[in-house]
Every structure is written in structure tokens, then in C-alpha cells.
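Thank you all for coming. Please take a moment with the sequence and the structure, and then I will walk through a few places in turn.

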Amino acid sequence: MSRYLIVGLGNPGREYADNRHNVGYRCVEHLAAAHGITFGRRQKRNAVSLGSIKERSVILAKPRTYMNKSGGPVAALARFYRVPIDRLLVVYDDLDLPPGTTRLRPSGGSGGHRGMRSVIQQLGSREFPRMRIGIGRPPGRMDPADYVLQDFSDAEEELLERTLEHARGAIELWLEVGVEEAMSRYNRSIEDDSAN
């Protein structure tokens, strides 16, 4: 049985750790912590952890290159572990989704996200699952490039923690039963959950 590879995109370095652009890193870190998995090794220019989630063998990874060069480490790791493309999940931030929202898809384009563009180029395919986590649009006329490199505010951090928990549920269900069921259950705002 082949492994699943779950990759969170972000920028390495302490100064970027709490940036909006690093929500992909934060998601895989949250998932790892929930299952007692620790990032203790480096492989193919990734921080990597191996473990089991929902009785599936998983590789969790954070590319240790800057965002726009993420594709090389992701593709190298997928090849090394011979992960089928439908068992690769890439998690990243999305300006066009409001905060508190997640979107899982079985395939698609980059949507202008440079990290995803790099991954698609290096894999030579768009046909792999991905999860977008909403960070919202910048206020006023702020440059989106500046906005994504800002840290989350305290209020945003509170919402983010709930969003990461929501994303964890989606990823666990994806591992158990596949992308379609996970999409139908989790492709919504966490505010929709609290209203039910």
C-alpha cells in the first residue's frame, strides 16, 4: 500500500513563521501535532515527518525553499517515495477565499499562487488534490505581496486555530474515504458549522 504525501506550502525561517503566506506550513504542523507526529528529519529539501493517520501511512512535508521554488522539493519527495499523484495533497493560502474558509479540490490550476505554479510545473500535472485556506483580500490599496507576508493579528489567530481544526477534519476524511466526500462535508466556512 503506497503512502500519502501531505505538503504545506510556506517560507522557511522564523521571521515568516506567523505570516498569512505560511498557513500551509501551519496546517501540516497542526495535523502532525494532533497525531503525535514530529518533524525530525530533512529530505529532498523538505522538513519531513513520517507517521500514520486514520490507518494510512503518511509523509508530512514542508518545503524548505522559498514559496516560489516549492515545486522542486515537492516533486523530488513524491518521486522518492513513489507517491501516486492522487495521493498527494498540497495545502496553501488563498487571497480569494474569506478567512475561516477551506476548499478541497481534486485538481486545478494555480490561481496565480506562485508556490502552486511551481508545484504544477515541476510535477508536470495539475491533476492532484489541493486544499486552499482562505486568508482574505488585503485592506484598501495594500499590495497583496505585502499583505501575505504580514503576521496574523490576535483576532485572526483565534479564527485561524478553528480553521486549522476544520482543515484537519477534511484531510482526515480525505485519507479515509477520498476527495469527493471530504469536499461535500468540509468545503465551507467554519461559521456555517457553528450555525448548525
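Is lysine 54 buried, partly exposed or exposed? With a relative accessible area of 37%, lysine 54 is partly exposed, because that value falls between the limits of 20% for buried and 50% for exposed. Please keep in mind throughout that this is a predicted model.

Let me stay with the backbone of lysine 54 for a moment, since its phi is near 50°, which is a positive value in a residue other than glycine. Lysine 54 sits in the loop between β3 and β4, the latter being residues 56-63. There is a second lysine to set beside it, namely lysine 44, whose phi is near 50° and is likewise a positive value in a residue other than glycine. Lysine 44 is found in the loop that runs between β2, residues 41-43, and β3, residues 46-53, and with a relative accessible area of 40% it is partly exposed.

Now to helix α6, residues 179-186, and to the question of which of its residues are buried. They are Val179, Ala182, Met183 and Tyr186, and because they cover an arc of only 100° around the axis, they come to lie on the same side of α6. The general background is that an α-helix has 3.6 residues a turn, so residues three or four places apart point the same way. On the other side of α6 we find Glu180 and Ser184, which are exposed. As for what covers the buried residues of α6, the cover includes β6, residues 102-105, and α5, residues 154-177.

Helix α5 comes back when we turn to the aromatic rings, where the count comes to three aromatic pairs. In one of them, the ring centres of tyrosine 4 and tryptophan 174 are 5.4 Å apart and the planes stand at 85°, so this pair is edge-to-face. Tyrosine 4 belongs to strand β1, residues 4-8, while tryptophan 174 belongs to helix α5, so the pair ties together parts that are 170 residues apart in sequence. Tyrosine 4 and tryptophan 174 are both buried.

Another aromatic pair is that of tyrosine 16 and tyrosine 66, which is also edge-to-face, at 6.0 Å centre to centre and 80° between the planes. This pair links distant parts of the chain, 50 residues apart, with tyrosine 16 in the loop between β1 and α1 (23-34) and tyrosine 66 in the loop between β4 and α2 (71-80). Tyrosine 66 counts as partly exposed, at 44% relative accessibility.

Next, the largest pocket, and how much space lies in it. The value is about 590 Å³, and of the 27 residues that line this pocket, the closest to its centre are His21, Asp93, Gly112, His113 and Arg114. The elements that give two or more residues to the lining are β5 (88-94), α3 (114-123), β7 (130-134) and α4 (144-148). By residue type, the lining divides into nine nonpolar, 11 polar and seven charged residues.

Finally, a word on aspartate 192, which lies in helix α7, residues 190-195, and which counts as partly exposed at 39% relative accessibility. Aspartate 192 and glutamate 176 are 16 residues apart along the chain, and their C-alpha atoms are separated by 23 Å.

Technical notes
Residues numbered from 1 in each chain as written. Predicted model: local features only at pLDDT ≥ 70, side-chain atom pairs only at ≥ 80, totals over all residues. Heavy atoms only, no water. 1 Å grid on protein atoms, 1.4 Å probe; cavity = no way out; pocket = protein on both sides within 12 Å on 5 of 7 lines; lining within 4 Å. Points joined across faces, edges and corners; volume = space filled by probe spheres on them. Helix = DSSP H or I, 4+ residues; strand = E, 2+ residues; numbered from the N terminus. Nonpolar A, V, L, I, M, F, W, Y, C, P; charged D, E, K, R; others polar. Buried < 20%, exposed > 50% of the residue type's maximum accessible area, 1.4 Å probe, protein only. Arc of directions from axis to C-beta. Contact = heavy atoms within 4.5 Å. Phe/Tyr/Trp six-rings, centres within 6.5 Å; stacked < 30°, edge-to-face > 60°.
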